[in-house]
Amino acid sequence: MAATPRHAGLLALGVLAALLGLAPLALPNDYYLNVLILCCLNALAVMGLNLLMGYAGQVSLGHAAFFGLGAYVTAVVTATFGLPVAVGILAGVSASALVAWFLAQPTLKLRGHYLAMATLGFGIIVSIVFNEAVGITGGPSGFVGIPRLSLPGCAPTSDRSFYFLAAGVLWLGALMAGLIMDSRTGRALRAIHASEHAAQAMGIDIARHKRFVFVLSAVYAGLAGTLYAHHLTFVAPSSFGFNFSVQLLTMVVLGGMASTWGALAGAFFLTSLPEFLRVFEEMDILIYGGLLVMCMMFMPGGLAGLARKLACGLLGARRV
Amino acid sequence: MSVRFGGIQALSEAGLTVRRGEIVSVIGPNGAGKTTLLGVVSGAVRAMGGTVFVDGRDLTGRPVHERAVAGVLRTFQNLEIFSNMTVLENVLTGAHLTAGYSLLDSLLRTRRFRREERRLRGACLAHLDFIGLADRAGDMASELPYGEQRLLELARALAAAPRLLLLDEPAAGMNNAETSGLGSIIRRVRDELDVSVVLVEHDMDLVMEVSDRVTVLNFGHVLAEGSPSAIQENPEVVAAYLGED
């Protein structure tokens with residue numbers, strides 16, 4: 001009995017690897033490869049946010065800032081200072097983690113709406129810095145000339161190889177999230193979500209666990225940001241504003257809280273949806289909004305909840 | 001110890017001593033300060049004066065989670081189970097402190113991680129068996145009936161290897177059969193697991209049945225203290241409390 005969920009987890013990771021590996025074959029042309037890459041990068045950030053929100057129950061409305069920090073720091077390190085991309089990525093992720101660590105000190109004492117407000121404010125401040133520090137970031141017109149990704153022993157020359165790299169990173173992210181959540185740390189985080197009083201009374205150091213998961217989620221977002229910068233070779237502050245924070249949050253909720261599959265599904269669905277809606281021309285944003293409303297009304301458990309319900313229905317039918 | 005909420009004196013100079021292997025009940029009318037007293041011992045409520053010692057260690061002013069490390073565990077009057085987890089996971093979370101592996105161990109799935117998780121599962125299933133819920137281990141905790149959720153809180157606290165267990169109205173919402181079952185469980189906790197127990201309870205039959213000593217609180221003061229039979233005969237207590245029923 002004890003081994004079953006672990007085997008299910010292994011199976012899920014295998015299925016994920018197969019899906020990510022086969023996805024490019026289903027594409028009609030290489031333009032969609034870029035969409036797929038974006039899906040992977042968003043999914044990485046969403047997976048981190050899901051650890052924070054879905055598992056530990058802490059809402060962040062400023063996660064775009066960590067994504068942007070990763071992107072801008074690696075841009076400055078590699079393009080302005082001419083250091084290798086590997087150094088840039090390391091610096092970008094570290095900067096994101098460090099800022100999250102400092103932000104965690106005062107904000108994680110706040111709960112519910114107050115934490116959401118504090119992270120919202122943080123996101124706006126970072127966005128202003130990206131816009132105003134023209135000398136460093138290039139300001140509103142953006143930062144151009146970021147080198148393409150090249151790591152020691154791995155320099156993806158085509159979009160296809162970059163996709164496989166992004167998909168690999170995403171897969172590792174899913175693996176890590178699964179390993180952490182299926183341990184005492186994961187249980188402690190879920191306990192904090194359900195009842196801080198009880199979690200504390202069981203000897204769980206709430207402040208330390210909240211800080212840990214906040215920094216971890218910033219690492220996911222920061223890493224996604226660095227890869228984003230080296231893929232597009234151009235970043236602009238408008239990509240990392242409040243709208244993007246809300247989008248990430250919507251992906252978590254739509255996918256289904258506290259489920260890695262949900263985070264993946266939410267990110268892939270919402271990132272690619274505009275492409276499918278393009279045929280409706282000006283109506284696309286209306287349909288996009290309408291679909292979101294319908295999803296929330298009829299699938300409160302998100303995509304993951306819907307899948308679970310369908311699976312239960314199928315199994316139940318077979319048993320009868 | 002003394003506690004004040006705004007202008008209200010919830011506890012004044014209320015003292016409580018529990019010897020090793022003892023079951024001490026705290027009774028008193030609603031608002032007498034029973035739950036506040038438990039809160040002070042567990043660290044959830046900050047006392048203005050007074051001290052908390054457990055096993056000779058001064059825990060005064062220490063945060064809640066550190067007191068759990070020192071062996072002070074509690075259950076809650078208003079149920080605080082982890083409704084997003086299974087019954088077994090609830091108990092495993094209680095065993096958080098006794099898990100002997102680090103985050104790195106869980107990331108690398110080391111032998112130590114696997115050995116410890118296996119040991120924890122065995123121990124937690126034993127705790128569930130102890131309270132009679134082993135057959136519900138895989139169910140969601142939120143699916144348990146009310147009385148069993150109370151027992152689950154007890155098992156969760158036991159998993160944390162308590163020295164001193166604080167039970168806040170564990171029989172509330174239980175029927176008679178469940179309550180008498182609870183009585184024998186509480187005694188077995190003391191006898192078999194060598195845990196001292198503080199019981200805050202309104203069910204007088206349960207209190208009189210399991211307690212070694214009873215402390216009566218009234219308006220934040222200790223009104224009386226003694227053996228169950230002595231308390232039942234104390235005229236002051238009868239007037240203040242028992243007579244009301």
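## A hairpin in chain B

In the hairpin that S9(B) and S10(B) form, with two residues between the strands, B:Phe219 adopts a positive phi near 50°. This is a predicted model, and the values that follow are computed from it. The two strands of the hairpin, S9(B) and strand S10 (residues 221-226) of chain B, run antiparallel and are joined by five bridges. Within this pairing, B:Leu217 has B:Val222 in S10(B) as its bridge partner.

S9(B) also pairs with another strand, since strand S3 (residues 23-27) of chain B is joined by four bridges to strand S9 (residues 213-218) of chain B, and these two run parallel. In S9(B), the residue that stands opposite B:Ile27 is B:Val216. S9(B) thus has a parallel pairing with S3 of chain B and an antiparallel pairing with S10(B).

## Chain B as a whole

The secondary structure of chain B consists of ten helices and ten strands. Its radius of gyration is 19 Å, close to the 18 Å that the globule rule gives for 245 residues, so chain B is as compact as a globular protein of that length. The C-alpha trace of chain B spans about 65 × 40 × 30 Å along its principal axes. Of the 245 residues in chain B, 44% are buried, and among the contacts in chain B with a separation of 6 or more, 66% are between residues 24 or more positions apart.

The domain assignment divides chain B into domain 1 (3-71 + 162-244) and domain 2 (82-148). The C-alpha centres of these two domains of chain B lie 28 Å apart, and six residues of domain 1 are in contact with four residues of domain 2. On the side of domain 1 of chain B that touches domain 2, the elements that give two or more residues are H2 and helix H7 (176-193) of chain B. By class, that side of domain 1 has four nonpolar, one polar and one charged residues.

## Chain A as a whole

Chain A has 14 helices and two strands. A compact globule of 320 residues would have a radius of gyration near 20 Å, and the value for chain A, 20 Å, agrees with this. Along its principal axes, the C-alpha trace of chain A spans about 65 × 50 × 45 Å. Buried residues account for 47% of the 320 residues in chain A, and of the contacts in chain A between residues at least 6 apart in sequence, 76% join residues at least 24 apart.

## An exposed strand residue in chain A

A:Val144 lies in strand S1 (residues 143-144) of chain A, and with 12 C-beta neighbours inside 10 Å this residue counts as exposed. When residues up to four places away in sequence are not counted, A:Val144 touches A:Gly138 and A:Phe234. The C-alpha atoms of A:Val144 and A:Thr233 are separated by 6.6 Å, although these residues are 89 residues apart along the chain.

## A buried helix in chain A

Helix H8 (residues 184-194) of chain A is mostly covered, with eleven of its eleven residues buried. Among the buried residues of H8(A) are A:Arg184, A:Arg187 and A:Arg190, as well as A:Leu189, A:Ile192 and A:His193. The buried residues of H8(A) pack against helix H2 (31-55), helix H7 (159-181), helix H9 (196-201) and helix H10 (206-232) of chain A, and also against H3 and H4 of chain B.

## Where the chains meet

Between the two chains, 29 residues of chain B are in contact with 23 residues of chain A. The elements that give two or more residues to the side of chain B that touches chain A are helix H2 (64-69), strand S6 (72-74), helix H3 (87-94) and helix H4 (103-108) of chain B. By class, this side of chain B has 14 nonpolar, nine polar and six charged residues.

## The largest nonpolar core

In soluble globular proteins, nonpolar side chains tend to be buried together. The largest nonpolar core here has 162 residues, and those with the most contacts inside it are A:Cys40, A:Ala43, A:Leu44, A:Ala45, A:Val46, A:Ala224 and B:Ala155. This core draws at least three residues from each of domain 1 and domain 2 of chain B. One of the residues with the most contacts inside the core, A:Cys40, touches A:Ala166, A:Ala167 and A:Leu170, not counting residues up to four places away in sequence.

Notes:
Residues are numbered from 1 along each chain as its sequence is written. Chains are lettered from A and ligands numbered from 1 in the order in which they are written. This is a predicted model: local features need pLDDT of at least 70, side-chain atom pairs count only at pLDDT 80 or more; totals for chains, interfaces and linings use all residues. Two residues are in contact if their C-beta atoms, placed from the backbone, lie within 7 Å. Ala, Val, Leu, Ile, Met, Phe, Trp, Tyr, Cys and Pro count as nonpolar, Asp, Glu, Lys and Arg as charged, and the others, Gly among them, as polar. A nonpolar core is a set of buried Ala, Val, Leu, Ile, Met, Phe, Trp, Tyr and Cys residues joined through C-beta atoms within 7 Å. A residue is buried if 20 or more other C-beta atoms lie within 10 Å of its own, exposed if 12 or fewer, and partly exposed in between; C-beta atoms are placed from the backbone. Domain bounds come from an automatic or database domain assignment. The radius of gyration is taken over C-alpha atoms; the globule rule is 2.2 Å times the number of residues to the power 0.38. Two strands pair if DSSP finds at least two bridges between them.
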